There are 2 protein chains.
Amino acid sequence: MRIGFVIYQGMTLLDFAGVYDPVTRLESMDFMPDLVWELCAFTAQVKDNIGLEIVPTKVGEPLDRYDIIIVPGGFGSRKMLEDENFIQWLKTAEPCPLKASVCTGSLLLGKAGFLRGKKATTHPFAFVELSKFCSSVVDARIVDEGDVITARGVSSSIDLGLYLCEKLVGEQSKEAIRRQIDYQ
Amino acid sequence: MRIGFVIYQGMTLLDFAGVYDPVTRLESMDFMPDLVWELCAFTAQVKDNIGLEIVPTKVGEPLDRYDIIIVPGGFGSRKMLEDENFIQWLKTAEPCPLKASVCTGSLLLGKAGFLRGKKATTHPFAFVELSKFCSSVVDARIVDEGDVITARGVSSSIDLGLYLCEKLVGEQSKEAIRRQIDYQ
């Protein structure tokens, strides 16, 4: 199982960290010892929306090799929506069996065409923007359409992470990881 | 107002990101336009407990210039407890009016002597370890001793962030930021 965490200039760190934490514990807590992941960026330098720099492990490589890609949101997502090269790169994830997003990350999934005919969610302040990319916008913490899962605002990232733990391994792993991260 | 976010090798990213997000929104959402912060490390390279690299903005500089320092936890905290140079560096935060921690970050505050005679909390799995550094261990999400505030496990980081927003600016800012990060 290979996960590609998509990171980009102007993303919100918590959108990423909230799902990265529980999902990677599937490996560190031995529920999924063969889980591997990469931090996938289109450009070598990635800073969050307020300047914090994190270092990608893969730069500009196609995303088709992952079982799951996960795309965070953030103010920078608006700029990426207009960045044709970034969107073309994101489209290389088309063959990935599962695409997930947090917050306005769903706008990017939408722009790449991955939400066509599907229900989806995003930050409540971006519902109108999302509506042009999907069949309907749902006001829910997590919207699971099988091959696409979208989560609502920033902190719903943790919920997405735990949801993926349950989906990938089962209720027991989710509950153990929830306790480990002291999430209520 | 100057905040020093302490980051170190082996920390848990979510311990940091959960408090960093709401607190820095005090600036980006104009509640505290003069808020500045640094990512303070003792060594130039900082990777979280599973290898993700984040880039510090200050390396090895004394911590006495901050109004608040915030220390995350993580498996790496155990190694730092034994790293005399790191602990000496952390002790330079002694004059800071407020010291805060998430999860096992409180063990580091304790080792630096900042919890003497105070109540504190940490991850429930580390209550016994913490007990030698403080007057009593409290099983609460947040323990506020005025000049030292400790938060429980990993995800309590978000609660600490919102708690600090309220403490620094007031209920209204906390509530606006809570909505902005869609925290329930």
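Two strands count as paired here if DSSP finds at least two bridges between them. With that in hand, a look at the sheets of this predicted model can start in chain B.

Chain B has an open sheet of 7 strands with mixed pairing, running β5-β2-β1-β6-β7-β11-β10. At its edges sit β5 (58–59) and β10 (142–144) of chain B; each has a single partner strand, so one side of each goes without a neighbour in the sheet. Further in, β1 (residues 2–6) and β6 (residues 68–71) of chain B run parallel to one another, joined over 3 bridges. Within that pairing, B:Ile3 has B:Ile68 of β6(B) as its bridge partner.

Over in chain A, there is likewise an open sheet of 7 strands, mixed in its pairing and ordered β5-β2-β1-β6-β7-β11-β10. Here β7 (residues 98–102) and β11 (residues 148–151) of chain A pair in the parallel sense, with 4 bridges between them, and A:Val102 is set opposite A:Ala151 of β11(A). Helix α1 (residues 13–28) of chain A packs on this sheet and touches β1 (2–6), β2 (36–41), β6 (68–71) and β7 of chain A. The direction of α1 makes about 165° with that of β1(A).

How do the two chains fit together? A turn of 180° with a shift of 0.0 Å along the axis lays chain A on chain B, at an RMSD of 0.0 Å. The copies are thus related as by a two-fold rotation axis. In chain A, A:Ile54 has the C-alpha nearest that axis, 2.2 Å away. Both copies use the same surface, with 100% of the contact residues of chain A recurring in chain B.

Note on methods: Residues are numbered from 1 along each chain as its sequence is written. Chains are lettered from A and ligands numbered from 1 in the order in which they are written. This is a predicted model: local features need pLDDT of at least 70, side-chain atom pairs count only at pLDDT 80 or more; totals for chains, interfaces and linings use all residues. Copies are superposed by least squares on the C-alpha atoms of residues with pLDDT of at least 70 in both. Two residues are in contact if their C-beta atoms, placed from the backbone, lie within 7 Å. Helices (H or I, at least four residues) and strands (E, at least two) are DSSP runs, numbered from the N terminus. Axes are lines fitted to C-alpha atoms, for helices over the stretch in contact, and angles run from 0 to 180 degrees between N-to-C directions.
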